[in-house]
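Biologist: I would like to learn how to read a few features of a model. Please give the general idea each time, then the case at hand.

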2 protein chains.
Amino acid sequence: MESVERNDTLNPLTRELPQRVSDRIRDIVGERGILTDPADTAPYLSDWRGAYKGKAALVVRPASTAEVSGVLALCHQEGIPVVTQGGNTGLCGGSMPDASGRQIVLSLNRLNRIRNIDAANDTLVAEAGCILADVQNAAREVGRLFPLSMGSEGSCTIGGNLATNAGGIAVLRYGNMRDLTLGIEVVLPDGRIWDGLRGLRKDNTGYDLKHLFIGSEGSLGVITAAVLKLYPLPTEKAVAFAALPSPEAAIELFKHLRSLCGPRLTGFELMSRMSLDFVLRHMAGCTDPMAEPHPWYLLIELTDSSPTANLRELIETGLMGPLEDGQVLDAVIAADEAQAAALWKLREGISEAQNFEGPSIKHDISVPVSSIPGFIDKASAALSNEIPGIRLVCYGHVGDGNLHFNLSKPPDSENADFRAQAGRIGRVVYDVVAQFTGSISAEHGLGQSKRQDIVRYKSDLELELMRSIKGLLDPKAIMNPGKVLPD
Amino acid sequence: MESVERNDTLNPLTRELPQRVSDRIRDIVGERGILTDPADTAPYLSDWRGAYKGKAALVVRPASTAEVSGVLALCHQEGIPVVTQGGNTGLCGGSMPDASGRQIVLSLNRLNRIRNIDAANDTLVAEAGCILADVQNAAREVGRLFPLSMGSEGSCTIGGNLATNAGGIAVLRYGNMRDLTLGIEVVLPDGRIWDGLRGLRKDNTGYDLKHLFIGSEGSLGVITAAVLKLYPLPTEKAVAFAALPSPEAAIELFKHLRSLCGPRLTGFELMSRMSLDFVLRHMAGCTDPMAEPHPWYLLIELTDSSPTANLRELIETGLMGPLEDGQVLDAVIAADEAQAAALWKLREGISEAQNFEGPSIKHDISVPVSSIPGFIDKASAALSNEIPGIRLVCYGHVGDGNLHFNLSKPPDSENADFRAQAGRIGRVVYDVVAQFTGSISAEHGLGQSKRQDIVRYKSDLELELMRSIKGLLDPKAIMNPGKVLPD
């Protein structure tokens with residue numbers, strides 16, 4: 001145990017934890033299951049953007065559900081706060097410990113086996129630490145699709161996807177992570193293991209407990225594994241890029257294409273001209289697919305697994321009428337995979353391109369699809385009134401009613417001045433969201449950054465119910481304190 | 001108030017309730033909101049099959065959420081048990097009061113407005129007392145589909161569908177009631193109203209409370225309204241009837257067709273030869289579509305909303321290979337709507353046909369789709385061993401892993417003898433279900449008939465979690481006592 005003592009002496013990480021407790025944790029997870037060297041722990045104590053930083057008494061990396069159970073039982077007994085962490089790609093600081101150094105980071109990145117694939121049942125059982133892309137690949141190897149997909153898929157984990165009920169670019173067709181999950185295994189805050197790993201499409205034998213844990217951001221227990229739904233692998237694809245006069249026209253086109261294409265409509269992404277301008281200005285290899293600028297654009301994707309699908313003909317048919325009516329101003333259809341990828345890059349480059357324009361204030365909101373035009377109108381007017389010259393980088397999964405309503409500073413303003421107004425600007429945006437009975441966090445969760453905001457937008461009763469459920473499942477409040485629930 | 005007093009004097013219904021309480025309920029819901037005459041209350045005190053009967057202190061019919069709130073606040077204060085009732089079409093006695101006469105039946109059949117239809121958001125807001133078929137029709141009138149569909153749709157209500165997380169014949173494509181619901185309005189047991197009527201595809205702002213109430217069979221509160229998801233109305237349909245040598249072949253065909261047809265595959269219903277025999281013997285106008293008898297059959301339905309779909313060609317393509325390989329023994333494809341209806345009648349007539357063969361013992365179970373053949377083999381062997389000559393009427397939504405594993409008595413046995421063995425037979429079936437990590441109630445809930453059974457099949461921890469949630473939300477245990485949770 002020499003190395004242990006040396007680490008404990010040298011490393012401020014473990015100072016807040018009694019030796020006897022760190023010894024017992026080491027007994028449970030083994031030497032490989034504990035990180036104390038600052039070079040090793042650094043990636044766990046700062047999020048990928050560097051927006052959130054924290055300290056930890058220990059970084060613990062259990063390799064099995066039993067080890068998670070042992071660690072939580074001990075932490076429950078000793079009253080040690082636990083911050084569960086997946087790929088650390090969240091945007092709201094939900095997996096970052098606080099600055100006290102008293103919290104333990106419980107990283108699940110060693111809990112990463114795919115336990116089972118059942119092609120006839122179209123299910124895959126993954127442990128929480130599996131990287132999303134690895135699960136996608138494992139499904140693809142047996143000719144199936146696991147449809148969750150997002151920019152961070154090479155780093156984010158199934159556990160993080162479950163904890164935040166992740167969304168991404170295929171929700172329109174396949175739903176959120178919640179919809180893609182049939183069963184879960186959970187270690188409760190006191191260390192007991194609930195085996196809810198059922199791979200059933202239908203089960204009505206009492207309260208549905210899994211939905212309590214999914215989306216609870218590590219505040220009610222630790223999800224250690226899940227039964228995920230698989231789908232036929234799409235073999236056909238058509239991608240179009242359409243220019244539109246207004247968000248109203250985009251919603252009309254959505255209604256039209258959804259009726260015409262049914263579930264083939266997989267992607268329906270809106271972007272403003274300013275979003276495209278930023279991409280064209282800053283992202284290498286991106287060009288405007290149209291000769292003239294237009295106020296709004298849609299990226300439209302159809303997919304199908306049936307060889308009889310003629311998706312190109314279908315999308316052409318779908319766009320023809322609206323083009324003749326002037327509801328669509330111009331449209332291009334990708335002729336091959338390279339062109340499709342180039343069109344997607346215009347959409348996917350927005351977030352990065354925005355960084356080149358100085359500080360930005362981002363909002364991940366949703367409203368009913370029918371309220372998208374009204375929301376954009378009202379929120380834009382309110383913001384321009386509040387901060388003249390503010391630049392609206394409005395884009396997102398409009399078929400889900402989800403906009404990334406991001407704001408770049410006025411070109412001639414000071415960065416610090418703009419950043420200082422984030423709270424006030426958020427209030428303006430969220431108040432308009434509330435007028436349309438929308439959500440102030442569509443797919444990113446609450447974490448630490450939004451948990452106070454919900455006091456203004458949720459009823460006292462709903463907050464009371466959330467708090468009482470927290471108290472029921474985690475009476476010692478050791479799970480991810482300072483996240484999700486407002487003070 | 002003469003009539004009130006007369007009723008109170010004459011009718012045993014209200015004897016168990018203090019006059020002061022029934023007066024206050026009458027103040028809340030008005031004269032039309034209370035039934036006391038035995039001729040009026042009889043339909044609420046016996047289920048549609050006559051399998052369950054009960055007594056009630058009052059039948060209360062609130063016409064608004066506020067009235068439900070008033071009644072529950074009073075019942076909470078006075079400790080009066082409440083049995084919420086929808087269309088009274090359940091199969092497990094979940095909406096029937098007990099024999100004490102102390103319980104109140106809270107019928108929601110006057111709470112039956114469709115509050116809103118939003119075609120662009122593809123949502124419909126229905127109150128709990130809306131008849132399912134009325135909701136389907138309201139959606140159809142605006143060119144949309146509300147996909148929940150089942151035999152009882154002309155009587156069952158949205159509230160009952162939510163309380164039991166109803167399934168039916170289109171789950172394979174559209175999911176259960178839970179999957180079709182975006183938001184709900186709930187009156188808590190103490191009368192407080194939680195407005196969770198959000199029509200959002202994405203919302204990650206805390207714990208998902210709606211999934212606690214959906215499927216809780218009226219034991220945690222009263223769902224008074226819901227935001228339901230709508231879909232494009234299918235305009236194309238193909239229906240095939242295929243004969244197969246075995247359940248194994250059915251699962252192989254399922255895998256093949258699901259990959260080929262994707263979401264077009266809407267119905268995939270298995271039935272044994274004995275199921276078909278019963279239908280042919282007892283149901284008027286039903287004929288065997290094939291020249292020879294075969295051991296197993298599948299009813300397959302494809303639907304699509306796209307005019308470019310050629311479903312008939314697709315199903316022909318899909319069946320051709322398996323026919324050549326002998327995985328499918330014979331197949332017919334409906335040439336028109338009348339033929340499609342005739343094929344569906346073979347499937348939908350089974351339950352009624354079985355009644356002509358004497359008493360039956362029914363099980364609504366699910367297993368992973370891949371375990372269907374193994375389950376049928378093992379359960380059949382166990383039952384034939386237990387009761388020689390027992391007749392297996394095995395059919396169901398096999399694409400969901402859901403079988404109605406029903407049993408008719410041996411032809412030469414006494415009815416009473418067979419009925420007396422229901423408990424023992426259920427145990428045999430459910431033990432095999434458990435071996436395949438299945439569910440003993442796939443789509444009918446637990447109600448009063450199955451609530452004790454789950455003690456054997458659920459972990460103590462899961463039962464403890466269910467009980468503690470019940471205690472949290474309904475501390476006085478007034479909501480549907482004697483249902484769902486085991487003693």
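Modeller: What follows takes up a sheet, some aromatic pairs and the relation between two chains.

Modeller: This is a predicted model, in which local features need pLDDT of at least 70, side-chain atom pairs count only at pLDDT 80 or more, and totals for chains, interfaces and linings use all residues. Residues are numbered from 1 along each chain as its sequence is written, chains are lettered from A and ligands numbered from 1 in the order in which they are written, and side-chain values use heavy atoms, without hydrogens and water.

Biologist: In what order do the strands of the open sheet in chain A run?

Modeller: Strands of a sheet pair through backbone hydrogen bonds, either parallel or antiparallel. Strands (E, at least two residues) and helices (H or I, at least four) are DSSP runs, numbered from the N terminus, and two strands pair if DSSP finds at least two bridges between them. Here the open sheet has 5 strands in the order β5-β6-β10-β8-β9 (chain A), with antiparallel pairing. Its edge strands, each pairing on one side only, are β5 (114-118) and β9 (193-196) of chain A. From one strand to the next the twist averages 10 degrees. Between β5(A) and β6 (residues 123-127) of chain A there are 4 bridges, in the antiparallel sense; Asn116(A) stands opposite Val125(A) in β6(A).

Biologist: Which helix packs on the sheet?

Modeller: Contact means heavy atoms within 4.5 Å. Axes are lines fitted to C-alpha atoms, for helices over the stretch in contact, with angles from 0 to 180 degrees between N-to-C directions. Helix α4 (residues 65-78) of chain A touches β5, β8 (181-187), β9 and β10 (222-229) of chain A, and its direction makes about 45 degrees with that of β8(A).

Biologist: How many aromatic pairs are there over all chains?

Modeller: Rings of Phe, Tyr and Trp (its six-membered ring) pair if their centres lie within 6.5 Å; planes under 30 degrees apart count as stacked, over 60 as edge-to-face and the rest as tilted. The count is 12 over all chains. Phe241(A) and Tyr297(A) are stacked, because their ring centres are 5.3 Å apart and their planes at 20 degrees. The pair links β12 (residues 236-244) and β14 (residues 296-304) of chain A, with the two residues 56 residues apart.

Biologist: Are Phe241(A) and Tyr297(A) buried or exposed?

Modeller: Buried means under 20% relative accessible area, exposed over 50%, partly exposed in between (1.4 Å probe, protein chains only). Both Phe241(A) and Tyr297(A) are buried.

Biologist: What rotation superposes chain A on chain B?

Modeller: Two copies of a chain are related by a rotation about an axis and a shift along it. Copies are superposed by least squares on the C-alpha atoms of residues with pLDDT of at least 70 in both. Here the rotation is 180 degrees, with 0.0 Å of shift along its axis (RMSD 0.0 Å). That is the relation of a two-fold axis.
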